[in-house]
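Biologist: Could we go through this model together? I should like to begin with the relation of the chains and then turn to the strands.

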Number of protein chains: 2
Amino acid sequence: MSVSFVPIPEGSDFPLENLPYAVFSKKSKPDKHRLCVAIGDYVLDLKEVAQYYAPEHQAALQSHNLNLLMSLGHEAWDAVRTRTQELLTKGSVVDVNDLRTVCLIPQSEILLHLPAEIGDYTDFYSSIHHATNVGIMFRGADNALMPNWRHLPVGYHGRASSVVVSGTPIRRPLGQTLPEGAEKPVFGACRLLDFELEMAFFIGGPGNQLGEPIKVDDAWKNVFGFSLMNDWSARDIQKWEYVPLGPFTAKNLGTTISPWVVTTAALKPFLLDNFPQEPEVLPYLRQTLPFNFDINLEVSLKPADDNETLISKSNFKHLYWTPLQQIAHHTITGCNLRPGDLMASGTISGETPDSYGSLLELCWRGTKTVELQNGKTRKFLQDYDEVIIRGHCEKNGLRIGFGTCAGQVLPAHPVD
Amino acid sequence: MSVSFVPIPEGSDFPLENLPYAVFSKKSKPDKHRLCVAIGDYVLDLKEVAQYYAPEHQAALQSHNLNLLMSLGHEAWDAVRTRTQELLTKGSVVDVNDLRTVCLIPQSEILLHLPAEIGDYTDFYSSIHHATNVGIMFRGADNALMPNWRHLPVGYHGRASSVVVSGTPIRRPLGQTLPEGAEKPVFGACRLLDFELEMAFFIGGPGNQLGEPIKVDDAWKNVFGFSLMNDWSARDIQKWEYVPLGPFTAKNLGTTISPWVVTTAALKPFLLDNFPQEPEVLPYLRQTLPFNFDINLEVSLKPADDNETLISKSNFKHLYWTPLQQIAHHTITGCNLRPGDLMASGTISGETPDSYGSLLELCWRGTKTVELQNGKTRKFLQDYDEVIIRGHCEKNGLRIGFGTCAGQVLPAHPVD
């Protein structure tokens, strides 16, 4: 195994085998957005080192977001990754002093931004445990899963403009709700604000033309990499608005993603068999390749002026539908995907109550509480609560991580 | 009334009082996108005349799409419109020969493109007659309107990537459907392909920050202008997929808009009182300004190798919810809008059966047919059918139009 000349602290998310991409700026020049990869406690400024890459990849590395690199396709991604690993390996082909002094920047000196211009954002509903839990709570155990759920990856179009990077505060929304038993809706601040533990992937490759579906076994070419996501949800607003056209203002108040994009290549050591599907799906969704990953996910809740508490431990592997099936289904009617588009998993819940991916499920619709430190409890989020999602893979001594996806709840604006 | 030195043919959509914007290229240079306004059978190339406008507006007029002009806000829009009218008026301040030879291009020599880069596209469901018709067909007359319908403008996030300009062919989609009485879904070409007569408006102004709602009586500052829309819909696919998260692949197969953006300023002579709302809406949706328009809408259907038949006559004025209420509701939970975002009305049906805005309603769920010329009939769209939407306003001898929004259905790809 190669070793980097950059020191990798014990338990770091960012060894030489990871190299997740991000868009950063120096705190001293906050508006100058550049690409980087993380390595240990540093980032490698890809604009500064672009000259050491193949000429056809240099423009993408000098760009201000990842869209162009995403568009180049998997062969370019592999070549760039290999070259980055060479540059950062002990005995690098490039003068190490030069790399150290100019191209490596401590993460403490940078700001991180959205990794790409997101043309469209789609949210799926692909965790069977989550869909079952929600179904039991709202429709009873006998009709928990909708008739279509095992036949297609249910999803909906989300709002791209309100996808924000980790660290952006989220304002508790105002909106309409129908109180229990009331005949008319009322207006006010959301009372049932929740998080949703999700993962999301960015579309890469040149994209498909309108009217031309992507085949399930070709779809891996369109998966650039993965980030963590918190799909903030106003449960009380959603309940009143969502029939018949789905969630709208209950979700577009903000969706937080982690700044780091962990590539599919970095995740390969953690490949798992796909989740077993019963009944068998229609041929256009039948996938022969494994494309499931063992990614440990954690949610912590940090009240204002208190320590954080770990409140859920889940895993990407619980997803019933794979990213490749999601792409095949998304495009089956001809929808065109573009590099930089974002596809989210939906809430990822495991089988056991300590692995549920939302307060709705952890507190079972408000019938119990989550215990925090110092005697505090929660059923839904309170003002100034911070939700912190983390993710990492670990196997045979190799650990790669996703960094954090965090956001704090600000109080609602006063009602006029 | 001012008169242009450009001849305006009788019945033209594009007199001096209209001046709709578009993005065009010359057929001889198809990749060079520029802005224009329509005048009679010509367009005025705004890049060529940008020098005659205020310095702070010139960059927007020299751009390759309308996003920058949209972002400048209503005072800039008014100033630019006034100046364009001055330039095109008889006795223009600018040398008319120069304008004629260089800056005016016959519409027969140009291609038209999408007017803006659409960051996000939202589709509302704001026609009470349409929502009632659909409700009666699927749930019976007693529960036709959902309980939330009169309290908020129901809407959902659509797919921005698949919004295309008039003239783009639409491939009949493949997808999953559940046949009547079947237990398992089947895969194949959509059998119930439909159009939806809609109008859409583009968001302008600088946009709002995440977490900062736009007030209903301020929202007019965010309406740049209007286009025609056909929201193609795969009814059989939609029926199976849409519970519980709304329409997804049934809609993202393509959404057609007309290339011309008719500004709010041009529509002012056709202002009407808003549709009466009962019960009274919550304060954040209470609108004191009129923002409803008398816009005649027509749908024609043209089978392959036959003439077109007018199959529906509707009007924008039938919309229960106004664009300003749509904006106020869309942003109430904090969603940020950006210049270039597109907001559609939903199908616009009138009260009478000849004014319904979809084949679903015109043929009442397949129980009757629409009569075309030469003995042809339709319940849903057939391959090679072309759907043509037109719109115009007329009052006191002034007529302004929207051009056409057209698209032809191509046959589905064969199933593997």
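Modeller: The conversation below takes up the two copies, their interface, and then the sheet. This is a predicted model, in which local features need pLDDT of at least 70 and side-chain atom pairs count only at pLDDT 80 or more, while totals for chains, interfaces and linings use all residues. Residues are numbered from 1 along each chain as its sequence is written, chains are lettered from A and ligands numbered from 1 in the order in which they are written, and side-chain values use heavy atoms, with hydrogens and water left out.

Biologist: What rotation superposes chain B on chain A?

Modeller: A rotation of 180 degrees, with 0.0 Å of shift along its axis, does so at an RMSD of 0.0 Å. The fit is by least squares on the C-alpha atoms of residues with pLDDT of at least 70 in both copies. The two copies are thus related as by a two-fold rotation axis.

Biologist: And which C-alpha of chain B is nearest the axis?

Modeller: That of Gly246(B), which is 2.2 Å from the axis. Both copies use the same surface, since 100% of the contact residues of chain B recur in chain A; contact means heavy atoms within 4.5 Å.

Biologist: How many residues are in contact?

Modeller: 64 residues of chain B are in contact with 64 residues of chain A.

Biologist: What area is buried between the chains?

Modeller: About 5,800 Å², of which carbon and sulfur atoms give 61%. Buried area is the accessible area (1.4 Å probe) that two parts lose on being put together, summed over both. His157(B), Leu245(B) and Phe248(B) supply 14% of what chain B buries against chain A, more than any other three residues.

Biologist: How many salt bridges are there between chain B and chain A?

Modeller: The count is four, where a salt bridge is a side-chain nitrogen of Lys or Arg within 4 Å of a carboxyl oxygen of Asp or Glu. In one salt bridge the side chains of Arg159(B) and Asp120(A) meet at 3.5 Å, N to O.

Biologist: Which elements of chain B give two or more residues to that side?

Modeller: They are strands S6 (121–124), S7 (155–157), S10 (174–177) and S11 (186–189), with helices H7 (235–241) and H9 (323–331), of chain B. Helices (H or I, at least four residues) and strands (E, at least two) are DSSP runs, numbered from the N terminus. The residues on this side of chain B divide into 32 nonpolar, 21 polar and 11 charged. Here Ala, Val, Leu, Ile, Met, Phe, Trp, Tyr, Cys and Pro count as nonpolar, Asp, Glu, Lys and Arg as charged, and the others, Gly among them, as polar.

Biologist: How many salt bridges over all chains?

Modeller: The count comes to 34. Lys251(A) and Asp231(A) form a salt bridge through their side chains, at 3.1 Å, N to O. Lys251(A) lies in the loop between helix H7 (235–241) and strand S16 (255–257) of chain A, and Asp231(A) in the loop between strand S14 (223–230) and strand S15 (233–234) of chain A, so this pair ties together parts that are 20 residues apart in sequence.

Biologist: Now the sheet. In what order do the five strands of chain A stand?

Modeller: The order is S9-S26-S25-S20-S21 in an open sheet of chain A, with mixed pairing. Strand S9 (170–171) and S21 of chain A are the edge strands, each pairing on one side only. Two strands pair if DSSP finds at least two bridges between them.

Biologist: In which sense do S9(A) and S26(A) pair?

Modeller: S9(A) pairs with strand S26 (residues 398–410) of chain A in the parallel sense, over two bridges. Arg171(A) has Leu410(A) in S26(A) as its bridge partner.

Biologist: And the other pairs?

Modeller: S25(A) and S26(A) run antiparallel and are joined by nine bridges. Their hairpin has two residues between the strands, and Asn396(A) there takes a positive phi near 50 degrees. S20(A) pairs with strand S25 (residues 386–395) of chain A in the antiparallel sense over seven bridges, and Glu386(A) in S25(A) is the bridge partner of Lys302(A). Six bridges join strand S20 (residues 296–302) to strand S21 (residues 309–315) of chain A, again antiparallel.

Biologist: Which residue takes a positive phi in the hairpin of S20(A) and S21(A)?

Modeller: Asp305(A) does, near 55 degrees, in a hairpin with six residues between the strands.
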